[in-house]
Amino acid sequence: MSKLGCRCGHVIVDQTDSLPYKASLLRDEAENAFWEEVHHELKPLMEAAESGDKAAIADAYGELAPWVNATDELESRISSIHAQRMSTVYECPICGRLWVQKDGSSKFFSYVPDEGGYRAILSVASGDSEHFD
Ligand SMILES: [Zn+2]
């Protein structure tokens, strides 16, 4: 998703990270599966790390991968789980409509706030959208 045309005429642009008008939605029905999948990926690495067994890490995360590649592989797998289980929500920064992605679809459905206008409801509480790496 890179652009979504809101009913108010504004085009919601999604082409960078840390947007204050975007959030991920994890449905309650998918939460257990999400965490089971994350734990499934973390468990062999954590067990191998605790034992110091690099061969076990290589077994779990590909050939004779050095530690940094195992980390990259783990990040990739968890990002994939996140992308698969999460839906996207946008708040139009002009009219405040929420646009919620239907599960398993690229379609979005809109919901209008009782009182009009943007409320930054998807922004972090501090209102600070700076991204620190
Ligand atoms: Zn709008």
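The largest nonpolar core of this predicted model consists of 10 residues: Leu4, Cys6, Ile12, Leu19, Tyr21, Tyr90, Cys92, Cys95, Trp99 and Phe108. Three members of this core, Cys6, Cys92 and Cys95, also appear among the protein donors of the zinc ion. Two further members, Tyr90 and Phe108, form an aromatic pair with ring centres 5.6 Å apart. The points below treat the overall architecture, the metal site, the aromatic pairs, and individual residues in turn.

**Overall architecture**

- Three helices and six strands are assigned in the protein.
- Read from the N terminus, the order of elements is β-β-β-α-α-α-β-β-β, with the helices placed between two runs of strands.
- Of the 133 residues in the protein, 25% are buried.
- The accessible surface amounts to about 9,100 Å², and carbon and sulfur atoms contribute 50% of that area.
- Among contacts with a sequence separation of 6 or more, 52% join residues that are 24 or more positions apart.

**Zinc site**

- The zinc ion has four protein donors, namely the SG atoms of Cys6, Cys8, Cys92 and Cys95, which lie 2.3 Å from the ion.
- Along the chain these donors follow the spacing C-x1-C-x83-C-x2-C.
- The arrangement is classed as tetrahedral because the angles subtended by the four donor atoms run from 103 to 115 degrees, and the class requires all angles to lie between 85 and 135 degrees.
- For reference, the ideal angle for four tetrahedral donors is 109.5 degrees.
- Cys6 has a relative accessible area of 8% and is therefore buried, whereas Cys8, with a relative accessible area of 37%, is partly exposed.
- Beyond residues up to four places away in sequence, Cys92 touches Cys6, Cys8, His10, Ile12, Arg97 and Tyr118. Of these partners, Cys6 and Cys8 are also zinc donors, and Cys6 and Ile12 also belong to the largest nonpolar core.

**Aromatic pairs**

- A pair of aromatic rings is characterised by the distance between the centres and the angle between the planes.
- Two aromatic pairs are found in a search of the whole structure.
- One of them joins Phe34 and Trp35; the centres of these rings are 5.0 Å apart and the planes stand at 80 degrees, so the pair is edge-to-face.
- Within this pair, Phe34 is buried at a relative accessible area of 6%, while Trp35 is partly exposed at 41% relative accessibility.
- The other pair joins Tyr90 and Phe108, with centres 5.6 Å apart; because the planes make an angle of 35 degrees, the pair is tilted.
- Tyr90 belongs to strand E4 (residues 87–91) and Phe108 to strand E6 (residues 108–111), so this pair ties together parts that are 18 residues apart in sequence.
- Both Tyr90 and Phe108 are buried; for Phe108 the relative accessibility is 13%.
- Phe108 and Leu98 are 10 residues apart in sequence, and their C-alpha atoms are 9.4 Å apart in space.

**Arg7 and its surroundings**

- Arg7 occupies the loop between strand E1 (3–5) and strand E2 (11–13).
- With a relative accessible area of 62%, Arg7 is exposed.
- Leaving out neighbours within four places in sequence, Arg7 is in contact with Arg97, Trp99 and Ser110. Trp99 is one of the residues of the largest nonpolar core, and Arg97 is also touched by Cys92.
- Arg7 and Ser110 are 103 residues apart in sequence, yet the distance from C-alpha to C-alpha is 8.7 Å.

**Residues with positive phi**

- Most residues other than glycine have a negative phi.
- Ser18 has a positive phi, near 60 degrees, and is not a glycine. Ser18 lies in the loop between E2 and strand E3 (22–25) and is partly exposed, at 31% relative accessibility.
- Ala120 likewise has a positive phi, of about 55 degrees, without being a glycine. Ala120 lies in the segment after E6 and is partly exposed, with a relative accessible area of 29%.

Terms used: Residues numbered from 1 in each chain as written. Predicted model: local features only at pLDDT ≥ 70, side-chain atom pairs only at ≥ 80, totals over all residues. Heavy atoms only, no water. Helix = DSSP H or I, 4+ residues; strand = E, 2+ residues; numbered from the N terminus. Buried < 20%, exposed > 50% of the residue type's maximum accessible area, 1.4 Å probe, protein only. Contact = heavy atoms within 4.5 Å. Areas by Shrake-Rupley, 256 points an atom, 1.4 Å probe, with all protein chains shown as cover. Phe/Tyr/Trp six-rings, centres within 6.5 Å; stacked < 30°, edge-to-face > 60°. Donors = N, O, S within 2.8 Å, 3.2 Å for Na, K, Ca; no water. Tetrahedral: all angles 85-135°; square planar, octahedral: opposite > 155°, others 65-115°. Core = buried A, V, L, I, M, F, W, Y, C linked by side-chain atoms within 4.5 Å.
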